[in-house]
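Ready for a short tour? Open your viewer, and we will go from stop to stop, choosing what to select at each one.

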Amino acid sequence: MSRYSLIFLLLVLVARAAALPNVLFIAVDDMNDGITLFGENRPFKTPNIKALARRGVFFSRAYCASAACNPSRAAILSGKRPHNTGVYGNDTDWRAATRGRLTLPEYFGRHGYYTAGFGKIYHHKGDGAFNDPASWDNFRKMDPQYMPTKKLNGAPGYGSRNTDWGAWPKDSEESKTMDYKSVSYAIEVLQQQHNKPFFLACGIFKPHSPFFAPNKYHELYDEKIVLPQRNADDWNDLPAGAARLMGSKKWFWKGMMRVDEQKGGSYRDFIRAYAACCSFADMSVGRLISALDASGHADNTVIVLWSDHGFHLGEKDHIEKFALWEKANHVPFIIVDPRNPGSAGKTCDHPVDLTTIYPTLVKLCGLPANANTDGISVATQLRDPDRVIGRPALMTYGFKNHAVRTSRWRYIRYADGTEELYDHDQDPNEWTNLALDPAYTQIISNHAKWLPGKNAKAYRNPR
Ligand SMILES: [Ca+2]
Ligand SMILES: [Ca+2]
């Protein structure tokens, strides 16, 4: 090779690296589909997330791979589903279970990116285990929780500090919260000059419990806040598999809150606290996006925002996640590609799950595909949101319990073979289980074919 062609080749490589888009990767925690991103009739106000969707594509039927922090995040970041890794629970060492696989930030790092992560990206244990700092050039784990000195919610039972809710008395306390700090660290990276493209991840912990937010976010809501629709007989048609999985999940109702009263510690106050935490998280998203816009990087930065799973606030007589129903699995999911302004503000209504994130970001950034991931890219849907996707969304909770979501139906099969089927065109609350009705045999078999044939045993942590 002549000297000139070598110089030319180097120039091409440098130009290519310079052209690679940055990635701003925003994880929110436990945010459900009650936010205004899903429509102005929804109760929880998230104007910044809604504004972000106007810059890109909103996936209106997006589902987590598993309705718990650890298996959901492990699937997104390793690219492998729970039934292939055996990562089903929050205590599983996901990194040991996926040893040898390149996590999403590692993959970007191997391909010339500077990678930085702040706050909750991977699920982690109290001491920071599972955070996997090796995935990053620059990682800082969540700051300690800023906690009130006394119980705030006025409910008769305490549960634990982690299930308390209420308002910070002073709005100045906002800057002491871990989310405020995580976002500030991310903003510092945005404000730096970079000689490499960056993959910058910021984990926002709200609206995860404990449900504390500065008072001004509580004041966005009053006693007229819409409460979830509940049906006292809803569990009558649940199959044995559901009863077994969900039977122990009723702790929140027992003594924790005054379900039918309006005074302190009421169910309504709890809903308002969750709402306030959604709006507080939305403010964090707004700070990040404002900083990106001020940084000069916005025109060349792909943004992805997702929540690790949804959250029941009493729907289906359930509180929390840890279920295969719609409310625990349906999540906000937005991808912004500023190089493709034609798609700005569009919605993709096809069901997708969050295993799409890994291959989609790799594709959008022009990196070679990682063949060892389970998801499919939705880069095509960013240009053409109506383009049909050849497979439904798949969700897993625990060993061999799965849900399949198509545009109209949710089909659930538990490890014992028992089933649920819900028709979302007729029954968005999932009150009527159609699985035992012979009229739906064909619908069920059309969905059951997407269930995994093999299910990895639950991974056992190394001692
Ligand atoms: Ca979570
Ligand atoms: Ca029912």
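A residue is called buried here when its relative accessible area is under 20%. Keep in mind along the way that this is a predicted model.

**Stop one: a helix**

Select residues 441-448, which form helix α14. Which residues of α14 are buried? They are Ile444, His447 and Ala448. Now turn the view until you look down the axis of α14: the buried residues fall within an arc of 100°, so they line one face of the helix. The general rule behind this view is that an α-helix has 3.6 residues a turn, so residues three or four places apart point the same way.

Next, add the strands β17 (402-405), β18 (409-413) and β19 (419-423) to your selection. They are among the elements that cover the buried residues of α14.

**Stop two: the largest pocket**

Select Asp33, Arg42, Lys327, Pro428 and Asn429. Of the 31 residues lining the largest pocket, these are the closest to its centre. The space in this pocket comes to about 790 Å³. Colour β10 (312-313) and α11 (326-329) as well, since each supplies at least two residues of the lining. What classes of residue make up this lining? It has ten nonpolar, ten polar and eleven charged residues.

**Stop three: the second largest pocket**

Finally, select His124, Lys125, Gly126, Met142 and Phe205, which lie nearest the centre of the second largest pocket. This pocket has a volume of about 360 Å³, and 18 residues line it. By class, four of the lining residues are nonpolar, nine are polar and five are charged.

How values were computed
Residues are numbered from 1 along each chain as its sequence is written. Chains are lettered from A and ligands numbered from 1 in the order in which they are written. This is a predicted model: local features need pLDDT of at least 70, side-chain atom pairs count only at pLDDT 80 or more; totals for chains, interfaces and linings use all residues. Side-chain values use heavy atoms; hydrogens and water are left out. Buried means under 20% relative accessible area, exposed over 50%, partly exposed in between (1.4 Å probe, protein chains only). Helices (H or I, at least four residues) and strands (E, at least two) are DSSP runs, numbered from the N terminus. The arc is that of the directions from the helix axis to the C-beta atoms. Contact means heavy atoms within 4.5 Å. On a 1 Å grid over the protein atoms alone, a cavity is a set of points where a 1.4 Å probe fits but cannot get out, and a pocket is an open set with protein on both sides within 12 Å along at least five of seven lines; lining residues have an atom within 4 Å of a point. Grid points are joined across faces, edges and corners, and a volume is the space filled by probe spheres set on the points. Ala, Val, Leu, Ile, Met, Phe, Trp, Tyr, Cys and Pro count as nonpolar, Asp, Glu, Lys and Arg as charged, and the others, Gly among them, as polar.
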